[in-house]
Amino acid sequence: MQVDFYQLTRDPAEKVLPAIAQRILDNKGRLLIISDDAGQLDAISGALWTARADSFLAHAKSGEGDDALQPILLSQDTDAPNGAKFVALADGNWRAVTEDFERIFYLFPPEQTDNARSAWRTLGDGVERRYWKQDGGKWVQGP
């Protein structure tokens, strides 16, 4: 399993997630996006509809359709009824997720850096960790 820690110093999660989601969909993957904040899930949903001028990223909120059919499912729960192998923790809160996921995207603002450090330390052996930070308009991997 791989965990990517994204420190959001410039853009909020709803601006970052459409690009991540697009890459996953381009590779025929499925994504679960988790947030305990219903308002944030609404903002992410809106961003997935409008991220590209020529199309949208198909998605639904959990319970608002057939969850199993959704390429991108927005939820407050860590279960992935859509069969997602990728999960994005969008609200900055670390959650224990099952080993069923191949990759976790943990997005957190600077005020939750201590939580991210704690999560980094508690991950077991065999988990590949990567840290990403915003440098102007791009992401750079860094220490």
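When I call a residue buried, I mean under 20% relative accessible area; exposed means over 50%, and partly exposed is in between. Everything I show today comes from a predicted model.

I will start with one residue that uses that cut-off. K28 has a relative accessibility of 76%, so K28 counts as exposed, being over 50%. K28 sits in the loop between α1 and β2. The phi of K28 is positive, near 65°, and K28 is a residue other than glycine. Going along the chain, K28 follows α1, so let us go back into that helix.

Helix α1 covers residues 13-26. There are 14 residues in α1, and from first C-alpha to last the helix reaches 20 Å, close to the 20 Å expected at 1.5 Å a residue. Its buried residues are A13, V16, L17, P18, I20, A21, Q22 and I24.

Take P18, which belongs to helix α1. Is P18 buried or exposed? The relative accessible area of P18 is 9%, so P18 falls under the 20% cut-off and counts as buried. What does P18 touch, beyond its neighbours within four places in sequence? The contacts are A13, A47, L48, A51 and L57. There is also a distance to note on this residue: P18 and W49 are 31 residues apart in sequence, and their C-alpha atoms are 9.0 Å apart in space.

Two of those contacts of P18, A47 and L48, are also on the list of buried residues in α2. So that helix is next.

Helix α2 is residues 38-50, with 13 residues. From first C-alpha to last α2 reaches 19 Å, close to the 18 Å expected at 1.5 Å a residue. The buried residues of α2 are Q40, L41, I44, S45, A47 and L48. These residues cover an arc of only 165° around the axis, which means they are on the same side of α2. The general point behind that is that an α-helix has 3.6 residues a turn, so residues three or four places apart point the same way. What do the buried residues of α2 pack against? Their partners are α1, β2 (31-34), β3 (60-61) and β4 (72-75).

Now α3, residues 113-122, where the buried residues are T113, A116 and A119. Looking down the axis of α3, these fall within an arc of 120°, so they line one face of the helix. D114, R121 and T122 are on the other side of α3, and they are exposed. The buried residues of α3 pack against β1 and β6 (103-108).

Strand β1 brings me to Q2, which lies in that strand, residues 2-7. Q2 has a relative accessible area of 13%, so Q2 is buried. Not counting residues up to four places away in sequence, Q2 touches E102, R103, I104, E128 and R130.

Next, the largest pocket. How much space lies in it? About 160 Å³. The lining of the largest pocket is made of 14 residues, and those nearest its centre are Y6, V16, A19, R23 and W139. V16 is one we have already met, among the buried residues of α1. Which element gives the most to this lining? That is α1, with 5 residues. Elements that each supply at least two residues are α1, β7 (128-135) and β8 (138-141). By class, the lining of the largest pocket has 6 nonpolar, 3 polar and 5 charged residues.

I will finish with two residues outside the helices and strands. A68 is in the loop between β3 and β4. A68 has a relative accessibility of 39%, so A68 counts as partly exposed. Leaving aside neighbours within four places in sequence, A68 is in contact with R30, P81 and N82. For A68 and N82, the separation is 14 residues in sequence and 3.9 Å in space, C-alpha to C-alpha.

The other is G142, in the segment after β8. With a relative accessible area of 16%, G142 is buried. G142 and S62 are 80 residues apart along the chain, and 34 Å separates their C-alpha atoms.

To go back over the main points: the buried residues of α2 are on the same side of that helix, and those of α3 line one face of theirs. Helix α1 packs with the buried residues of α2 and gives the most to the lining of the largest pocket. K28, which follows α1, is exposed.

Key: Residues numbered from 1 in each chain as written. Predicted model: local features only at pLDDT ≥ 70, side-chain atom pairs only at ≥ 80, totals over all residues. Heavy atoms only, no water. 1 Å grid on protein atoms, 1.4 Å probe; cavity = no way out; pocket = protein on both sides within 12 Å on 5 of 7 lines; lining within 4 Å. Points joined across faces, edges and corners; volume = space filled by probe spheres on them. Helix = DSSP H or I, 4+ residues; strand = E, 2+ residues; numbered from the N terminus. Nonpolar A, V, L, I, M, F, W, Y, C, P; charged D, E, K, R; others polar. Buried < 20%, exposed > 50% of the residue type's maximum accessible area, 1.4 Å probe, protein only. Contact = heavy atoms within 4.5 Å. Expected span 1.5 Å × (residues − 1). Arc of directions from axis to C-beta.
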